[in-house]
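User: Could you take me through this protein model step by step, with the reasoning behind each answer?

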Amino acid sequence: MTIEMFCPQWYYIETVPVEYQQQIEKLFEPQIRDESIYVDSPWDCNCLSTFQSQGNFDLPWNDWLECIRSTLDKMIDELKPQIDIEIKPQEAWANLYNKGMHQEYHTHDVPFCNLSMCYLYDVPDGDPLFRFIYNDHDKYKKSGLSDAFKMPIQTRVIPKASKGDLIVFPSHYPHMVAPNPVDTPRITFSGNLYVMPNDKASQESPTPKDSML
Ligand SMILES: [Fe+2]
């Protein structure tokens, strides 16, 4: 007999190849440090954001996607697709955190979005800014089980991430960004993706179910 785990939570983290990190910097500097492209966050937090702002239209998000494409491809390989899929990029935006700025608990759980990304464009070394929140921890705590036994159950999960890393996760995961403790501004990019069946592929090679219609 042994303890078996089931339904694990997961996220993907990978360092974007250095040559692509440099390309991203070339694309976004210096406009990404110009606070006039940002607006006050539309959420319940105090970070600055280009989300749905006029300035966001001028940022080269398609080029950024090209730069992270090889990293996303690696992730898709590791996730082992079991049908033909296509991935539709949705919106992308930048967040800027001056000292003390944070982003509150939230999800990206909106229509036509099932994977979300956070790219650490410029963050101080060792800054544990990004946290997933695991709400079911409360149930273990209430029951006393998490005090009684050593369990891999945590309220907060903090990826070991640094500048140039891309974190990808299911969009319904609650997460937050801790306050920036230092004077240097921290800049992150966020983006949403929609993974869906590739209709074209299924039309070209009908499945047995299709051929029965
Ligand atoms: Fe987010």
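The questions below go from the whole protein to its sheets, its helices and a few single residues.

Analyst: This is a predicted model, in which local features need pLDDT of at least 70 and side-chain atom pairs count only at pLDDT 80 or more, while totals for chains, interfaces and linings use all residues. Residues are numbered from 1 along each chain as its sequence is written.

User: How many helices and strands does the secondary structure of the protein come to?
Analyst: Helices (H or I, at least four residues) and strands (E, at least two) are DSSP runs, numbered from the N terminus. The C-alpha trace of the protein spans about 60 × 55 × 30 Å along its principal axes. Counted in this way, the secondary structure comes to six helices and 11 strands.

User: What percentage of the 213 residues count as buried?
Analyst: A residue is buried if 20 or more other C-beta atoms lie within 10 Å of its own, exposed if 12 or fewer, and partly exposed in between, with the C-beta atoms placed from the backbone. Of the 213 residues of the protein, the share that meets the buried cut-off is 22%.

User: In what order do the seven strands of the open sheet follow one another?
Analyst: Two strands pair if DSSP finds at least two bridges between them. Strands of a sheet pair through backbone hydrogen bonds, either parallel or antiparallel. In this sheet the pairing is antiparallel, and the order is E1-E9-E6-E11-E4-E3-E2.

User: Why is one side of E1 and of E2 left without a neighbour in the sheet?
Analyst: In the seven-stranded open sheet, E1 begins the order and E2 ends it. Each of them has a single partner strand, so one side stays without a neighbour in the sheet, because E1 and E2 stand at the edges.

User: Which residue of E11 is the bridge partner of Ala92?
Analyst: E4 and E11 run antiparallel and are joined by 11 bridges. In E11, the residue that partners Ala92 is Gly191.

User: Which strands stand at the edges of the four-stranded sheet?
Analyst: This second open sheet has antiparallel pairing and the order E5-E10-E7-E8. Within it, E7 (residues 130-133) and E8 pair over two bridges, and Phe132 stands opposite Val157 in E8. The strands that pair on one side only are E5 (103-106) and E8 (156-157).

User: Which element gives the most residues to the largest nonpolar core?
Analyst: A nonpolar core is a set of buried Ala, Val, Leu, Ile, Met, Phe, Trp, Tyr and Cys residues joined through C-beta atoms within 7 Å. The largest one has 34 residues, of which Trp64, Ile68 and Tyr119 touch the most other members. H1, H2, E4, E6 (115-122), E9 (165-170) and E11 (186-197) each supply at least two residues of this core. With six residues, the element that gives the most is E6.

User: On which residue is the kink in H2 centred?
Analyst: The bend at a residue is the angle between axes fitted to the seven residues ending there and the seven starting there. The buried residues of H2 are Trp61, Trp64, Cys67, Ile68, Thr71 and Leu72. The kink in H2 is about 50°, and its centre is Ile68.

User: Which residues does Ile68 touch, not counting residues up to four places away in sequence?
Analyst: Two residues are in contact if their C-beta atoms, placed from the backbone, lie within 7 Å. What covers the buried residues of H2 includes E1, H1, E4, E6, E9 and E11. With the excluded places in sequence set aside, Ile68 touches Val16, Tyr20, Tyr119 and Leu166.

User: Are H1 and H2 roughly parallel or roughly antiparallel to each other?
Analyst: Axes are lines fitted to C-alpha atoms, for helices over the stretch in contact, and angles run from 0 to 180 degrees between N-to-C directions. The axes of H1 and H2 come within 9 Å and cross at roughly 170°. Angles under 35 degrees count as roughly parallel, over 145 as roughly antiparallel, 65 to 115 as roughly perpendicular and the rest as oblique. H1 and H2 are therefore roughly antiparallel.

User: Is Lys80 buried or exposed?
Analyst: Lys80 is found in the loop between H2 (61-79) and E4 (85-97), and its phi is near 55°, a positive value in a residue other than glycine. Because it has 6 C-beta neighbours inside 10 Å, Lys80 counts as exposed.

User: Which residue is joined to Glu29 by a cis peptide bond?
Analyst: The residue in question lies in the loop between H1 (18-28) and E2 (39-40). The omega of the cis bond is about -5°, and the partner of Glu29 is Pro30.
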